[in-house]
Amino acid sequence: FIQQKYLTPPSTTPLTPEQEQQKKIMKVMMVGMFPLLMYNAPCGLALYFLCNSSLGILESRYIRSHVDKLDLLAPKKKDNGGPKKPGFFQRFQEQVLERQKMAEKLRAMEAKRKVK
């Protein structure tokens with residue numbers, strides 16, 4: 001239960017009530033069914049699972065607290081509202097469009113020459 005609580009990522013899209021209910025039922029069923037599935041497993045596997053889950057929970061808590069500290073310490077950036085410098089892909093697209101226009105002009109000029 002603790003592992004599911006700490007290691008389950010939040011959903012990126014809003015869930016419907018049916019999906020929320022299904023998520024809750026799955027959590028309850030996994031908490032109940034997993035010990036039954038692990039009952040006949042070797043003790044080394046159970047020990048590995050317990051240690052791995054514990055380390056995963058501790059790591060997740062550490063990372064979340066570290067991220068929260070960085071968010072608090074990070075200076076707030078001011079949005080000047082001015083024009084932003086175009087990125088690499090935007091500049092690349094602009095160059096491609098310019099070259100396409102130039103190629104069209106050259107084709108038009110060649111077509112005029114052929115007509116004469």
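## Aromatic pairs in a four-helix chain

Ring pairs join F88, F89 and F92 into a cluster. The model discussed here is predicted. Its chain holds four helices and zero strands, and the order of elements from the N terminus is α-α-α-α.

The number of aromatic pairs comes to three. One of them is formed by F34 and F49, whose rings are tilted, with 4.7 Å from centre to centre and 35° between the planes. This pair connects distant parts of the chain, since F34 belongs to helix 2 and F49 to helix 3 (residues 43-73), 15 residues apart. F34 and F49 are both partly exposed because their relative accessible areas, 27% and 32%, fall between the limits of 20% and 50%.

The ring centres of F88 and F92 are 6.3 Å apart and their planes meet at 15°, so this pair is stacked. Both residues lie in helix 4 (residues 88-115), four residues apart, or about one turn of the helix. The accessibility of the residues in these two pairs is listed below.

| Residue | Relative accessible area | Class |
|---|---|---|
| F34 | 27% | partly exposed |
| F49 | 32% | partly exposed |
| F88 | 53% | exposed |
| F92 | 46% | partly exposed |

Helix 2, which carries F34, covers residues 17-38 and contains 22 residues. From its first C-alpha to its last, helix 2 reaches 31 Å, close to the expected 32 Å. A kink of about 25° in helix 2 is centred on M30.

Across the whole chain of 116 residues, 5% are buried. The chain exposes about 11,500 Å², of which carbon and sulfur atoms supply 64%.

Note on methods
Residues numbered from 1 in each chain as written. Predicted model: local features only at pLDDT ≥ 70, side-chain atom pairs only at ≥ 80, totals over all residues. Heavy atoms only, no water. Helix = DSSP H or I, 4+ residues; strand = E, 2+ residues; numbered from the N terminus. Expected span 1.5 Å × (residues − 1). Bend = angle between axes of the 7 residues up to and from the residue. Buried < 20%, exposed > 50% of the residue type's maximum accessible area, 1.4 Å probe, protein only. Areas by Shrake-Rupley, 256 points an atom, 1.4 Å probe, with all protein chains shown as cover. Phe/Tyr/Trp six-rings, centres within 6.5 Å; stacked < 30°, edge-to-face > 60°.
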